[in-house]
Amino acid sequence: MQPSSQRLKIGLSACFQHADPARSLFTGKTLQYVEQSIAHWLMSAGAMVVMVPCPTGETARGDVTLAHYADWLDGVVMHGGADVWPGSYGEEPLKEAWMGDRIRDLYDLAVVEAFAQAGKPVFGVCRGLQLINVAYGGTLYQDIETQHEGALRHRDALTYDQNFHEIDLVEGSHLSRLYPGVLRARVNSIHHQGIKQLAPDFTVEAWSYPDRVPEAIRRIGGPQKGYIAATQWHPEFHRRGANTIDDTAILHDFLDACAAFRGRPPPPVRSLPGKIRDRGARLLRQALLRR
């Protein structure tokens with residue numbers, strides 16, 4: 001058995017349930033948590049998983065920051081969950097139901113910024129892909145079905161993770177090299193928002209078929225720029241024997257990048273591009289302390 005000192009330590013961004021006075025348990029308290037499947041997915045390859053809690057809020061104490069987590073951990077996975085607030089990419093919500101979670105956006109943006117500045121690998125799942133795209137200057141469809149002509153049904157509340165569609169892998173991409181000979185595959189689909197304008201310095205590695213919404217992205221530039229990749233589908237929901245793309249290659253590609261980074265000197269500190277992204281940590285603290 002591999003000793004704990006040699007195992008990869010992977011951060012997992014937190015999901016939020018905001019304070020609710022009507023809740024019978026933890027009444028009026030903010031909950032931060034992880035969904036079980038994604039933690040087990042990372043642990044299946046021997047990694048140790050650490051939730052990265054938001055360090056600010058009305059009960060905040062001490063001086064621990066997200067930068068401390070980024071320095072200590074080997075990489076981070078950005079969790080799925082709530083919609084991204086349209087204001088995070090400069091738009092007004094078209095419907096109240098699409099308001100998203102501004103507080104979580106600010107936390108997630110600060111997490112991406114902290115790990116990117118440390119040069120640590122970042123992998124996003126579903127909302128994580130959308131958040132990464134926004135963090136680097138891209139935009140989103142607030143609702144694919146109503147904003148993208150000919151769109152598939154990318155989310156079905158009744159079937160949830162049993163809603164599927166096909167994707168086309170981009171030939172010659174890093175993702176396609178993980179699946180040699182595979183041009184089209186089947187994935188789960190549990191989202192109604194998606195990438196509208198791709199962030200600069202990123203490339204699309206898979207498209208939904210036939211409506212061509214980005215389903216996988218990666219930062220251009222390889223290890224020199226830092227490993228940042230994401231999928232719109234949930235690889236952690238793949239089941240053995242299911243007729244969907246096997247998650248194994250994606251998981252090991254990310255963990256191999258985390259292992260390769262160990263021992264490297266940290267890169268020079270630099271902020272992410274974009275007005276919101278540069279101010280993410282300060283806005284996060286201000287927003288949470290005002291609640």
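Two strands count as a pair when DSSP finds at least two bridges between them. Keep that in mind as you look at this model, which is a predicted one.

Let's start with the sheet. It is an open sheet of 9 strands, and if you walk across it you meet them in the order 4-1-5-6-13-12-11-8-9, with mixed pairing. What stands at the edges? Strand 4 (48–52) and strand 9 (184–188) do, and each has a single partner strand, so one side of each is left without a neighbour in the sheet. The strands aren't lined up perfectly, either: neighbouring ones are turned by 25° against each other on average, ignoring direction.

What holds neighbours like these together? Strands of a sheet pair through backbone hydrogen bonds, either parallel or antiparallel. Here's a pair to look up: strand 8 (residues 164–169) and strand 11 (residues 202–209) run in the antiparallel sense and share 4 bridges. If you find Asp168, its bridge partner in strand 11 is Trp207.

Next, the helices. Helix 8 (residues 248–261) packs on the sheet, where it touches strand 1 (9–13), strand 5 (75–78), strand 6 (122–125), strand 12 (214–219) and strand 13 (228–231). Its direction makes about 145° with that of strand 5.

Now hop to helix 1 (residues 36–43). Right at its start, a side-chain oxygen of Glu35 reaches to within 2.9 Å of the backbone nitrogen of Ser37. Which residues of helix 1 are buried? Ile38, Ala39, Trp41 and Leu42 are. They cover an arc of only 155° around the axis, which puts them on the same side of helix 1. There's a handy rule behind this kind of pattern: an α-helix has 3.6 residues a turn, so residues three or four places apart point the same way. And what do the buried residues of helix 1 pack against? Their partners are strand 1, strand 4, strand 5, strand 6 and helix 8.

Finally, look at the aromatic rings. A search of the whole structure turns up 6 aromatic pairs. In one of them, the rings of Phe123 and Phe254 have centres 5.9 Å apart and planes at 40°, so the pair is tilted. This pair links distant parts of the chain, with Phe123 in strand 6 and Phe254 in helix 8, 131 residues apart. Are these two buried or exposed? Phe123 is buried, with a relative accessible area of 2%, and Phe254 is buried too, at 1%. Ring pairs also join Trp41, Phe123, Tyr227 and Phe254 into a cluster, and you've already met Trp41 as a buried residue of helix 1.

Terms used. Residues are numbered from 1 along each chain as its sequence is written. This is a predicted model: local features need pLDDT of at least 70, side-chain atom pairs count only at pLDDT 80 or more; totals for chains, interfaces and linings use all residues. Side-chain values use heavy atoms; hydrogens and water are left out. Helices (H or I, at least four residues) and strands (E, at least two) are DSSP runs, numbered from the N terminus. Axes are lines fitted to C-alpha atoms, for helices over the stretch in contact, and angles run from 0 to 180 degrees between N-to-C directions. Contact means heavy atoms within 4.5 Å. Buried means under 20% relative accessible area, exposed over 50%, partly exposed in between (1.4 Å probe, protein chains only). The arc is that of the directions from the helix axis to the C-beta atoms. A polar contact is a pair of N or O atoms within 3.5 Å; within protein, one must be able to donate a hydrogen and the other to accept it, and residues adjacent in sequence count only if both atoms are side-chain atoms. Rings of Phe, Tyr and Trp (its six-membered ring) pair if their centres lie within 6.5 Å; planes under 30 degrees apart count as stacked, over 60 as edge-to-face and the rest as tilted.
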